[in-house]
Amino acid sequence: MQAITVSDRDAGIAGMTLADLPHPHTAENDVIVRVHAAGFTPGELDWPATWTDRSGRDRTPSVPGHELSGAVTELGFGTTGLTVGQRVFGLADWTRNGTLAEYVAVEARNLAPLPADVDHVVAAALPISGLTAWQGLFDHGRLSTGQTVLIHGAAGGVGSIAVQLAREVGAHVIGTGRAADRDRAIALGAHTFVDLAAEKLEEAGEVDVVFDVIGGDILARSAALVRAGGTLVTIAEPPEVRPEDGRAVFFVVEPDRVRLADLITRVRDGRLTPVVGAVRPLAEAADAFAPGKRIPGKTIIQVTED
Ligand SMILES: NC(=O)c1ccc[n+]([C@@H]2O[C@H](COP(=O)([O-])OP(=O)(O)OC[C@H]3O[C@@H](n4cnc5c(N)ncnc54)[C@H](OP(=O)(O)O)[C@@H]3O)[C@@H](O)[C@H]2O)c1
């Protein structure tokens with residue numbers, strides 16, 4: 001099968017190659033999925049899991065990309081809950097070969113059925129952004145109706161979903177980002193917007209939850225915004241500065257079949273719109289990874305036509 005591989009950690013994006021790989025192996029409770037559309041995270045060539053397995057052993061050549069939408073072609077030993085031919089979408093394991101490939105082996109529990117009326121390109125934009133936004137806002141941030149949440153990077157992959165979910169639950173939503181992101185963030189549901197380069201973050205006022213996707217100085221300065229009993233949630237890095245009288249949580253998104261099904265229901269009934277940016281073929285995946293070339297929204301690799 002054709003896949004994008006990386007072998008040389010120092011080579012970065014320049015080391016991404018379209019190669020022929022053996023068909024993936026199904027382990028217990030796996031399925032093989034014929035990938036129609038795949039998503040990736042721009043920084044994943046820096047993740048240890050891209051290069052090593054769970055024991056820390058080298059696993060190159062490895063295939064990047066951890067979001068997929070496609071159709072099941074094989075069931076592993078003992079796999080239940082999904083059938084051959086079924087449309088599915090979800091998350092591929094961090095420490096196994098990923099989704100920038102014609103076929104991928106995935107634990108069945110990490111996938112949810114994909115309704116026939118949802119496009120693979122749209123579904124592939126949802127697993128990481130959707131689950132991260134949900135888990136950050138509600139599982140870790142404990143956001144509820146009537147509270148105020150400040151969402152950094154509100155026009156980005158995770159932020160754009162978080163804005164929509166927070167607004168749906170009845171929260172007051174403050175988005176942040178670059179000046180060019182203001183209109184998009186407001187259109188997605190943010191009540192107000194802070195241009196981080198031109199406006200003072202500190203003037204946003206007290207909030208119940210900060211959802212950070214940027215890290216660094218923005219993360220550190222955000223701790224002071226959290227009111228007593230509130231939460232600073234970040235997906236960028238473990239925070240060094242914590243709210244004086246609140247919690248700080250850094251987490252890595254977890255697969256969740258039930259929540260994926262819930263998110264896709266929202267997409268179907270128009271409550272949630274994943275923002276898809278560029279759609280590129282597999283052969284152009286390396287170019288799509290390159291910084292500065294992305295257009296706003298999630299870049300999706302269309303591996304095969306529907
Ligand atoms: N821990 C986890 O489980 C987890 C899960 C998902 C993602 N992540 C990480 O979270 C980060 C965000 O992911 P994403 O998919 O949402 O990325 P994304 O689509 O690039 O969104 C990030 C947004 O924040 C903006 N931004 C970044 N730095 C900024 C700054 N200094 N000032 C103003 N705006 C800024 C970006 O604008 P520009 O595009 O103009 O820079 C973009 O709109 C990535 O580092 C990703 O690896 C972690």
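Start by selecting Asn29, in the loop between strand 2 (17-20) and strand 3. Keep in mind as you go that this is a predicted model. Check the backbone here: Asn29 is not a glycine, yet its phi is positive, at about 65 degrees.

**Along to the next loop**

Now follow the chain through strand 3 (30-39) and into the loop that leads to strand 4 (67-75). Pro61 sits in this loop between strand 3 and strand 4. Select Thr60 together with Pro61 and look at the peptide bond that joins them: the bond is cis, with omega near 0 degrees.

**A pair of tryptophans**

Stay in that loop and pick out Trp47, then add Trp94 to the selection. How many aromatic pairs does the structure hold? There are 3, and Trp47 with Trp94 is one of the aromatic pairs. Turn the view until you can see both rings: they meet edge-to-face, with 90 degrees between the planes and 5.7 Å from centre to centre. Trp47 belongs to the loop between strand 3 and strand 4, while Trp94 belongs to the loop between strand 5 (87-91) and strand 6 (103-107), so this pair ties together parts that are 47 residues apart in sequence.

**Over to the ligand**

Next, select the ligand and show the residues around it. You should find 17 of them, and the closest are Gly157, Val158, Arg178, Phe251 and Val253. What is the make-up of this shell by class? Nonpolar residues account for 9, polar residues for 6 and charged residues for 2.

Zoom in on the backbone atoms of three of these neighbours, one at a time:

- Gly157: one of its backbone N or O atoms is 2.8 Å from an oxygen atom of the ligand.
- Val253: a backbone N or O atom lies 2.7 Å from a ligand oxygen atom.
- Phe251: here the partner is a nitrogen atom of the ligand, 2.9 Å from a backbone N or O atom.

Switch on a surface if you like. On its own the ligand has 910 Å² of accessible area, and the protein covers 68% of that. The space that the ligand takes up is the largest pocket.

For a last selection, colour helix 2 (127-140) and helix 3 (157-168): these are the elements that give two or more residues to the shell around the ligand.

Methods. Residues numbered from 1 in each chain as written. Predicted model: local features only at pLDDT ≥ 70, side-chain atom pairs only at ≥ 80, totals over all residues. Heavy atoms only, no water. Near = heavy atom within 4 Å. Polar contact = N/O pair within 3.5 Å; in protein donor to acceptor, adjacent residues only side chain to side chain. Areas by Shrake-Rupley, 256 points an atom, 1.4 Å probe, with all protein chains shown as cover. 1 Å grid on protein atoms, 1.4 Å probe; cavity = no way out; pocket = protein on both sides within 12 Å on 5 of 7 lines; lining within 4 Å. Sits in = over half its atoms within 2 Å of the grid points. Helix = DSSP H or I, 4+ residues; strand = E, 2+ residues; numbered from the N terminus. Nonpolar A, V, L, I, M, F, W, Y, C, P; charged D, E, K, R; others polar. Phe/Tyr/Trp six-rings, centres within 6.5 Å; stacked < 30°, edge-to-face > 60°.
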